[in-house]
Amino acid sequence: MGYWRFVLRRLLQSAPTFALITVLIFLLVRLLPGDPASAMLGDRATDEAVARINASLGTDLPIASQFLRFLGRLLSGDLGQSQALHVPVTELIGERMPVTLLLAAYAMVLATLISIPLAFLMALYRDRPLDIALRGAFQLGLSMPTFYLGLLFLTVLGAHLRIFPVGGLGRGPVGILYHLFLPALTLALGLAAVITRSLRAAILEVLQADYIDFARAKGLSERVVLGRHVLRNALISTVTLFGINLGQLIGGAVITETVFSLPGVGRLLIDAIFGRDYPVIEGLTMCFAVLVSIIFIVTDLFQAWLDPRVYR
Amino acid sequence: MARWQLTISATLLLALGCSGNADAAPVRGGQMIYARAWDSLYLDPVLNDANVDIWVLSNLYDTLLEPSADGKSVTPGLATAYELSPDRLTMALALRPGIRFADGTPVLASDVKFSLDRARDPKAGQWNFMLAAIDNVTAAAPDRVEIRLKHPDPTLPAALATFNTGIMPERAFMAEPGATLDDKAESFARHPIGAGPFRLAEWHRNLSMVLERNPYYWAPGEDGKPLPYLDTLRFEIVPDDATRILKLQGGEVDGAEFIPLARAAELAGDPDLQMRLFPASEVTYLTFMTRPTLKDGKPNPLTDPRVRQALNYALDKDAFIHVVHFGNGKPMTSFMPSTTPLAVAEAPLYPFDPARAKMLLAEAGFAKGFDLSVMIRAGSAEDIAVASVAQQMWGEVGVRLSLEQLDNATMTARYRAGDFQIRTGTWTNDIADPSEITAYFAYSPNIESQHSGFKDPVIDADFEASQKETDPDKRAALYREIQTRFDEAAPIAFLFESPYAVALRKPVTGFDQIPLGNNIFAATYIGD
Amino acid sequence: MTVDTVDRRPNRLQPPLIFGTAILTLMLITALLPQFVAPYDPTRFDYHATLAPPSLAHLFGTDMYGRDILSRILWATRIDLQIAVFSTVGPVIVGTLIGTLVGYYGGFADIVLNRLVDVVVTFPFLVLVIGIIAILGPGLTNLYIAIGLVDWVFFARLARAEILVQRRLDYAHAARGLGYGPARIIFRHLLPNAIGPIITYWMTDMALAILLGSSLGYLGLGAQPPLAEWGALIADGKNFMATAWWITVFPGIAIVVAGFGFSLAGDGVADLLRRRE
């Protein structure tokens, strides 16, 4: 069956991607100016102290032998130990990744809930006051820097009105959803703005296509036309957008995590880059690669399912 | 013969009383939540590298002696007294009777020997230089330790009050998995046991750290019962300055560190809060590269002391303090923070005098000015402010400064390679002694005077002599000469000293941050 | 519910397009000639007027160095417009071309592009950008390079998806049936029909580039001080949101207005193209 062969092929295609990413990240990290020991020890360290730490980390070896060590470790499933935190990288990722994933998923759900109904409204009332007002509102959300929007939410809804907590991670499913609402909303608004805009354009385009006229002419009710034909086709472009925005969503999570003091991987990554914590950068990058690949595959599969022409 | 019998009560009460509410009796129990800007990285006294560890370690690990509240001397800690032999080559310390670690096991002389031997191992960490004079440590009796020195060392008492000599339980440490001491330390530091006022209960990295009362802690409170007053101390990690303040204002935390000085006035006016500015050992300055040529081979104008002096005269320190720290700070009086023992703190250096700056530049052959560049830490509001103000003020005397923002690791790498002209710098002392800052700033054999290439044989000789000089007056004279010569040669631009800014909710009493930066929660309580 | 979206009005300029173009034109003029619009030197310090609220002398107030916010915002237009255009124009051309060709021909090229897209997209964006900037050094040109190296992928992916849909439609079959060559089919028939979403996304992307430039400016890796840049201006005022709101609010409005201009223009162009069919 075509669909399952497509799935299998898609999975096989990911292998070279990983190989390439692994090599790339290994090299990029070592091309960065500065060495882990100086970054760890700071300005005061003596040359001997720096040399000693670099020797114990193995970062003074030729790059080829470092790569062999790295591969050997990787193949045995070991991502190494954080140089700055003295904790295994797998443990760090295990602690932090769920926070970021939950935040991203939460933001996506909120973004979908916001954008699909509004995009329909806007398309149906195109260029009328409602459409123009909503576009203005979204533009506002899109144009505000994340940290500014986050701080605004925190100040107004958190500190002053005390409806939501000021940052942090709650306890229990309800507590966590409650604590994560503002950060997720902060992330979702930017995403919703992008998606609503494209969705609106896609709906308009579909509404003008001949097959919709045909469907109408067949006497199908507006509800069926909108629900079956328009939504389905509009979803294709939305799913694509979700896929390509996810990387950015995780990137945007860095600043959101800082503003809302959430212990996610975004902050871990930034700290690791600035601290030249090689194993953490490598581990996280590869972890991201796996994740984003999975999401791409799911996106592609979903797209293929919505529009079978893609895999034929 | 030098013999100091230190008594607890006077000095300790002095230390604790400075922020206390003298009338009300302390309230026992309860939890305090303190918002920190960064989480700790490595709770090992010997192998840590950063202030995020150093400043909280004393709550977990106690030392033989403790820094006094003003940062200039020491008070008793796990040792009640120390005694120096007439030749000043042996120090004997008497351990306090009945002291225990947080797991209930007694603190023995063997634990002290183990801890000091590990701390002074030249291969362990980057703090062992402070104990370099020690020849050997012996456990003379279960409650008596003897330290023999290679040469007399005036810094030893201060070193024994510094975080890296925190006493650790040998047996518990050695029971950790791992082949080497470093491996064991990695494991031990995740659930450390010391003899400090608190012990670690929970640690969720970059989210929160919970310390609970150590029931075996020795120091008594004002009510005669042992400290600490708090049952639990909870650190929440809130890296964003604005969010940290919002949490405090929203009542979600009881205190917050690293308050931007821009907001100090606003918070001081909040009726629910107390804005505290603790005297610090923090100086902000610019390091000049003083070698004759730059890394790319071009001649370096900063090699001429007159140019460096001119650049110092061209800076209006009061304007700096006004713009960068909103009036909270004071001009530097020496390269050392004025809270450092033996610091010369008489008058601000290089008072603002643009005419003199122009004259000196003309003398040096730079009447038309020249181009300079400064490395600053990317994204640091304070570095940008310092460099922007310097850019503007030097522009007035014809010196054109360009700014280069670099991430920390890149900046450190270029600094170490001497590949820079000017860089921003901030220093805080870790030890209550002038030797640490002098070794980095002025004594060239260590790190070439902050990698500036500055070298003064008289300063180098004075410093070496001072490290063995146990006569306080002679040592003070050596340090006076070091400071005079350094300040005159001006291998740095002397900017300002600043306080530690902490905001607390009104009922919080007895919290202290000493000039070395240590956060002292032992006598903290939440009043009514 | 009535549906009246099948707009077959004759081809004429719509209000969004006029309004959007007007905003962009004003921005362009400001960016080209800030010295004639700005009342003060944007880098001049005035220690006697630090953190001054908006007044007649300083319409938008001053920052902590006493610099005039209005003048800084006007000068920043030049930097931000540069970021919007220079960091996206390469990606939109290269990305659309590659995506179109791959979407049309498919086969091995499609596989290669998809793997390449996967690599670029799965690589955390900030690692790449910070890495590139750390290696090349901070500054605007390197910022364009860093953004451009990543950004083309989004256009390639979008163009590919659009072409995949378009080439299955009846008119494409018809064109092939008429014996037209691939170049003609792609550039005369498929691309014009697929370009709407791409242009819409480009306009959004320019607004996003300004935001990204701002975030990097916030991390210190974008425009270097004392150059004014909207995001950096907001970052400057972050600690003063409670006491001196004007430092952050006015540059924020500038970003919003610019974003609005791009989006209105984008929608307008998309509408125009759709009606031309």
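In this predicted model, helix 10 of chain B crosses helix 12 of chain B, and the crossing is right-handed. Helix 10 covers residues 317–325 of chain B, and helix 12 covers residues 381–396 of chain B. Their axes lie 10 Å apart, and the angle between the two helices is about 145°. On the side of helix 10 of chain B, the contact is formed by Ala319(B), Phe320(B), Val323(B) and Val324(B). Helix 12 of chain B contributes Glu382(B), Ala385(B), Val386(B) and Val389(B). Sorted by class, the residues of this contact are seven nonpolar and one charged, with no polar residue. The charged residue is Glu382(B), since Glu counts as charged.

A second pair of helices can be followed in chain A. Helix 5 of chain A spans residues 89–124, and helix 12 of chain A spans residues 278–306. Their axes come within 10 Å and cross at roughly 50°. Because of that angle, helix 5 of chain A is oblique to helix 12 of chain A; an angle counts as oblique when it falls outside the ranges for roughly parallel (under 35 degrees), roughly perpendicular (65 to 115) and roughly antiparallel (over 145). Here too the crossing is right-handed. From helix 5 of chain A, the residues in the contact are Val89(A), Leu92(A), Ile93(A) and Met97(A). They meet Pro279(A), Val280(A), Gly283(A), Leu284(A) and Cys287(A) of helix 12 of chain A. The contact has eight nonpolar residues, one polar residue and no charged residues. The polar one is Gly283(A), because Gly is counted among the polar residues.

Chain C can be described as a whole. What kinds of elements does chain C contain, helices or strands? It has 10 helices and zero strands, so read from the N terminus its elements run α-α-α-α-α-α-α-α-α-α. Taken along the principal axes, the C-alpha atoms of chain C fill a box of roughly 75 × 50 × 40 Å. Chain C has 277 residues, of which 55% count as buried. Its contacts can also be sorted by separation along the sequence. Among those between residues at least 6 apart in sequence, 69% join residues at least 24 apart.

Finally, chain C also touches chain B. How many residues of chain C are in contact with chain B? There are 20, and they meet 20 residues of chain B. On the chain C side, these residues divide into 14 nonpolar, five polar and one charged.

Terms used: Residues numbered from 1 in each chain as written. Chains lettered and ligands numbered in written order. Predicted model: local features only at pLDDT ≥ 70, side-chain atom pairs only at ≥ 80, totals over all residues. Contact = placed C-beta atoms within 7 Å. Axes fitted to C-alpha atoms, helices over the stretch in contact; angles between N-to-C directions. Helix = DSSP H or I, 4+ residues; strand = E, 2+ residues; numbered from the N terminus. Left-handed = near helix turned anticlockwise from the far one by under 90°. Buried ≥ 20, exposed ≤ 12 C-beta atoms within 10 Å, placed from the backbone.
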